[in-house]
Amino acid sequence: MNTTISPAEATRDLRAWLARLSDTGRMAVIQENVALKHELAAIAKRLDGRQAAFFPRPDGHAIPVISGFMARRAWIAEAMGVPESELLQAYRRAADEPLPWQEVPAGQAACQEVVHREVDLHDLLPIPTHSEHDSGPYITAGMVIARNPSTGIQNVSINRIQVHARDRMAVLLLPRHLFSYHQAAEAMGQPLSVAIVIGADPLTLLASQAIAPLDYDELGIAGALHGAPLPVAKCLTSEVRVPAGAEIVIEGRLLPQVREPEGPFGEFPKYYSAREEREVIQVDLVTHRKSPIFHTIVPAEMEHLLLGSIPREATLLAHLQRSFSGVQDVHLSIGGVGRYHLFVKLDKRREGEPKNVILCAFGAHYDIKQVIVVDTDVDVHDPQQVEWAVATRFQADRDLVVVSGAQGSVLDPSTTVGQPTDAPAHMQGISAKMGLDATRPVSYHEHVFTKVRVPGEDEVDLAAVVQRGVSVDWRTATAS
Ligand code: MN
């Protein structure tokens, strides 16, 4: 009997998805007692993109750790129930048409089956230390959920969280939505209630990474990705709503006017962020399922890069297509850490159009540092084909766009060169932008820009034309 769980059932919660991976040979169960410091991340990293890694009893801890269950583009498409080629359009539809969440009655949420009011995070949770120079254990797959203090609308984001005391954590807030909610609360001298959700279903994780406007609840996108409103539970200490089927929820408050040292920490660009004063979360309570599972994302590995890049690609594609109907596809390359380098496939109609596309992409997200525009005969998901287009269709004195002194990623170490080490936040991440028009002219002479192909090469049926079990007598070169 085939007991494999269908894609729709498999994304209901984390466990169902892990069962599907396990049933299809994509889950490695690691031996017990792996060390939480470095060893766990080292093993997960070696399996990255091939198998998810499940760690029972890490350091003897009762709670197991899972990592790497969204580490291939194909797995993410599978979770969304679409072919890879339709991934971005499907994500965009969900982002455009969110479904409001639905609250489950008090006491019925799986994520609140067990409640801990006296919290020592180091004892309670198996929190790994990932990279060589990390300051200590970090929660890397925690969705931070907060409410706008004036509108009550929720925001969901994944922030790196350093656990440096039994009930206290320092958190990196990039200048986006959670940051602005906290600023608003701080201006009123109030703490901001937050929930850190660990072990959510794969689609809610993807939804959390949408590049949506301020006051656009990412849990609505999660509902749309599921095709049904997301069941949520009200936190026990605040008005924050969390996915009811999550494994673990930490409830706490971002404190006003409190900063504590955080870092160093190995981040997605594969470099360390420096130790700096960061915002602080005071933990009030932890709830979890019976026998919960702790999710960790190994920084800079495929799960980290893809969870960020696919929602961004969907947003960038929509943004570009609003102005340029010839834009057909985009890709944030893995070599560009899924954030900095954008490849754009354009059905170019007029000369100059690629440069407009480049400028539009720079404006779409401050992380975009390099844009390469290619023609429709180039696959933007294949970096080798993109390089071929640059090698044969691009001239630097004519086709290069450089913008100096724009806002870039504060995590890009090249933006720090020539900066004082104590540069204030508003002076950090200043970056040049580079655009390459690697398209051929709209009209060209004869075969100058015609890509070589052999007629019939794509249609050959190798199973039909290759003879099986036949050898050649090389003296007579006759097959027998
Ligand atoms: Mn948001």
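A salt bridge here is a side-chain nitrogen of Lys or Arg within 4 Å of a carboxyl oxygen of Asp or Glu. Asp412 and Lys369 make one, with 2.8 Å between the closest N and O atoms. Keep in mind that this is a predicted model, where local features need pLDDT of at least 70, side-chain atom pairs count only at pLDDT 80 or more, and totals for chains, interfaces and linings use all residues. Residues are numbered from 1 along each chain as its sequence is written, and side-chain values use heavy atoms, with hydrogens and water left out.

**Salt bridges**

The salt-bridge rule gives a count of 27. Three of the pairs are set out here.

| Pair | Closest N to O |
|---|---|
| Arg20 and Glu78 | 2.5 Å |
| Glu103 and Arg241 | 2.7 Å |
| Asp412 and Lys369 | 2.8 Å |

A word on terms before going on. Helices (H or I, at least four residues) and strands (E, at least two) are DSSP runs, numbered from the N terminus. Buried means under 20% relative accessible area, exposed over 50%, and partly exposed in between, using a 1.4 Å probe and protein chains only.

Back to the first pair: the salt bridge between Arg20 and Glu78 links distant parts of the chain, with Arg20 in helix α2 (residues 14-23), Glu78 in helix α4 (residues 73-80), and their positions 58 residues apart. Both Arg20 and Glu78 are buried.

Next comes the salt bridge of Glu103 with Arg241. Glu103 sits in strand β4 (residues 102-103) and Arg241 in strand β13 (residues 241-243), so this pair ties together parts that are 138 residues apart in sequence. Glu103 is partly exposed at 39% relative accessible area, while Arg241 is buried at 12%.

As for the salt bridge of Asp412 with Lys369, it runs from loop to loop: Asp412 is in the loop between β22 (400-407) and β23 (430-437), Lys369 is in the loop between α11 (353-364) and β21 (370-374), and they are 43 residues apart. Asp412 counts as buried at 6% relative accessibility, and Lys369 as partly exposed at 25%. Elsewhere, Asp13, Arg15, Glu247 and Arg289 are joined into one network by salt bridges that share partners.

**The manganese ion**

Which residues hold the metal? The protein donors of the manganese ion are Asn155 (OD1), His177 (ND1) and Glu218 (OE), at 2.0 to 2.2 Å from it. Donors are N, O and S atoms within 2.8 Å of the metal (3.2 Å for Na, K and Ca); water is not among the atoms, so sites may look incomplete. Along the sequence the donor residues follow the spacing N-x21-H-x40-E. Of these, His177 in helix α7 (residues 177-187) and Glu218 in helix α9 (residues 218-226) link distant parts of the chain, 41 residues apart. His177 is buried at 9% relative accessibility, and Glu218 is buried too, at 3%.

**Arg393**

Arg393 belongs to helix α12 (residues 383-393) and counts as buried at 4% relative accessibility. Its side chain has a polar contact of 2.8 Å with that of Asp377. A polar contact is a pair of N or O atoms within 3.5 Å; within protein, one must be able to donate a hydrogen and the other to accept it, and residues adjacent in sequence count only if both atoms are side-chain atoms.

**Cores and domains**

A nonpolar core is a set of buried Ala, Val, Leu, Ile, Met, Phe, Trp, Tyr and Cys residues joined through side-chain atoms within 4.5 Å. The largest one has 75 residues, and Phe69, Met80, Val242 and Leu342 have the most contacts inside it. Helix α10 (residues 302-323) gives the largest share of this core, seven residues.

The domain assignment, which is automatic or from a database, gives domain 1 (86-290) and domain 2 (324-417 + 425-437). Their centres, taken over C-alpha atoms, are 31 Å apart. Twelve residues of domain 1 are in contact with twelve of domain 2, where contact means heavy atoms within 4.5 Å.

**Backbone oddities**

Most residues other than glycine have a negative phi, and most peptide bonds are trans. Gly263 and Pro264, however, are joined by a cis peptide bond, with omega about 0 degrees. Ala300 has a positive phi, near 75 degrees, and is buried at 5% relative accessible area. Asp59 also has a positive phi, near 50 degrees, but is partly exposed at 46%.
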